[in-house]
Amino acid sequence: MSDSPTVLCAQPDADERAETADALGDAGLAVEGVGSLDTLTTALDRSVDCVVTAFDLPDGDGFDVVDAVRSVNPACVVILYTEHAPSDLPRGGPEQVVEYVPRTVPESRERLADVAAMAAAEVTQAAYPIPETETERLAAVQRYDIDQLAATDAFDRLTALMASHFDIDVAFVGLMDEHEERFVACEGANWRTLSREDTICTHTILSDETMVVEDTHEDPRFAAVDALKQLNIRSYAGVRITDEEGNAVGAVCCTDGEPRRYTQTELDDLQRFADEVEEQLLLRRRLQGGS
Amino acid sequence: MAQRRDDRYTFDGLPLNPVEPGTSLLVTGPVLSGAREMGLRLLCSSDADGGTVLIATDSDATTMLEDFERHGGVLDRDRVRVIDCAQESGDLPEDSVSTVNTPADLTGIGIEYSGQYESTYASGYTRVRTGIITLTPLLVYSDDVRAVYRFLNTITGRVGTADGLGVCVLDPNAHEEQVVESVARFFDGRVDVRADQGALDLRVAGLRDQPTNWTPVGAGT
């Protein structure tokens, strides 16, 4: 399997697609070419780092491509590579922000290759802030066997104790991977995963301060997040959990269906629960042989 | 035009040390009392290969270019380009100016920005300073702040990978504190600006070798 960044290249004309693929390949990218929205959708998965697309495809347009990509890989970079001037393109939705390289600039394929290579390696189009040390953080998360941790009673006992102690609907321990939060234990609900852009925890892991949202409907960061409404998360308190090197791997959290305040004593208790979870995670990772 | 001693971006007349290529700065302060001026001054380039792309949200392109020139910018349509999304524009026939009908159209702004960036680059101006003057309308017009987050990741991503310089102006008093803190995370450093009896002071957070205490702007380094 190649270590090169993976790019899907969608252009309907086979000859043009081959020329674009050659230029992208020369830039060190692993390229898969597709000729339609349908074949692109089939080829999409979370290992794709970047999608380059023409605007006009036989069965859709560039914004259909953006929607298809975002449904599978919300943070993936999409680059429109088209002869259309920006003013000739239809208006996209606010969630369809993309990169754009016009085919009308000199040596446009080489310029596209430059932009794609840089984008595939370093850039995200995620709808959330990324920690400065994201690469190291993700490597740290991968050292945990989340499925095995989820089968461990200790975290279930801790979250049950939290739900009772704070008198809240849901208490959980979640680890934040590249695309979603994965729940190691969850008392009061049957949550397994949640897309990262829908989580409050993606903000919690950014700071060593306890994150409190007394009312999600009144917080402009979360008021429009439908997933929180669907999960009946109206209030939230969370503490990030780190590994021994300081990487923020996840969070220990309380949620409730009603607006709620937390006293300083309660926040201190939540920090103690988080300290306990950190220790348990470290011990269990060592038991798994992950050192 | 000045010859560079290294690849870092410099700021003539400001008490700031050069910053590394790829750096994005958030300029915070009262927009009408210094932050907007500071943003425009940071975008002025004396490099022979320096260009500027301005995303104008709080005034039309003509006003923005006049302000840019007043604060030291050199108006050359090959190297200074504007995306006008202030909804106030008349006819703007020049290729160096693009219009987007509303600050809510983040996708349109992003595409026009990339297009103008590529035109600047193709003209030989490869050290591009990008300005968002200001971010407030983009936040106010967006129903979901996550769309602005995606926009900022895309813009700062291009600045970072193309070794450019990014400058984004925001009035923190116009937004909830949590939103300002979230927005600040997309930037490498933050330049706070205040006006004291007409004189500007600045201080910098998040970058090494910069003034961390309030420093008069006229003092130089």
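Look for disulfides anywhere in this predicted model and the count over all chains comes out at 0. Cys76(A) shows how that looks up close: its nearest cysteine sulfur belongs to Cys50(A) and sits 6.2 Å away. Cys201(A) has a neighbour too, with 3.4 Å between its sulfur and the closest cysteine sulfur, in Cys253(A). Why is there no bond there? A disulfide needs the two sulfur atoms within 2.5 Å, so 3.4 Å is too far.

Are these two cysteines buried or exposed? Cys76(A) is buried, with a relative accessible area of 3%, and Cys201(A) is buried as well, at 1%.

Now for some backbone oddities. As a rule, most residues other than glycine have a negative phi, and most peptide bonds are trans. Chain A offers an exception in Glu107(A), which isn't a glycine yet has a positive phi of about 50 degrees. Chain B has one as well: Asp209(B), also not a glycine, with phi near 60 degrees. Where do they sit? Glu107(A) lies in the loop between β7 (99-102) and α4 of chain A, while Asp209(B) falls in the loop between β8 (199-205) and β9 (215-216) of chain B. Both count as exposed: Glu107(A) has 62% relative accessibility, and Asp209(B) has 65%.

The peptide bond side of things has its own exception. Ile133(B) and Thr134(B) are joined by a cis peptide bond, with omega about 0 degrees. Thr134(B) belongs to the loop between β5 (127-133) and α4 (136-141) of chain B.

Glu107(A) turns up again on the surface of chain A. Which residues form the negative patch there? Glu107(A) gathers with Asp22(A), Asp26(A), Glu110(A) and Asp114(A). Two helices of chain A, α1 (14-26) and α4 (108-122), each supply at least two residues of this patch. Asp114(A) is found in helix α4. Is Asp114(A) buried or exposed? Neither, strictly: Asp114(A) is partly exposed, because its relative accessible area of 37% falls between the 20% and 50% limits.

Here are the accessibility values side by side.

| Residue | Relative accessible area | Class |
|---|---|---|
| Cys76(A) | 3% | buried |
| Cys201(A) | 1% | buried |
| Asp114(A) | 37% | partly exposed |
| Glu107(A) | 62% | exposed |
| Asp209(B) | 65% | exposed |

How values were computed:
Residues numbered from 1 in each chain as written. Chains lettered and ligands numbered in written order. Predicted model: local features only at pLDDT ≥ 70, side-chain atom pairs only at ≥ 80, totals over all residues. Heavy atoms only, no water. Patch = residues over 30% accessible without salt bridge, like charges linked within 9 Å, V, L, I, M, F, W, Y side chains within 5 Å. Areas by Shrake-Rupley, 256 points an atom, 1.4 Å probe, with all protein chains shown as cover. Salt bridge = Lys/Arg side-chain N within 4 Å of Asp/Glu carboxyl O. Lys, Arg positive; Asp, Glu negative; His and termini not counted. Charge placed at Lys NZ, Arg CZ, Asp CG, Glu CD. Helix = DSSP H or I, 4+ residues; strand = E, 2+ residues; numbered from the N terminus. Buried < 20%, exposed > 50% of the residue type's maximum accessible area, 1.4 Å probe, protein only.
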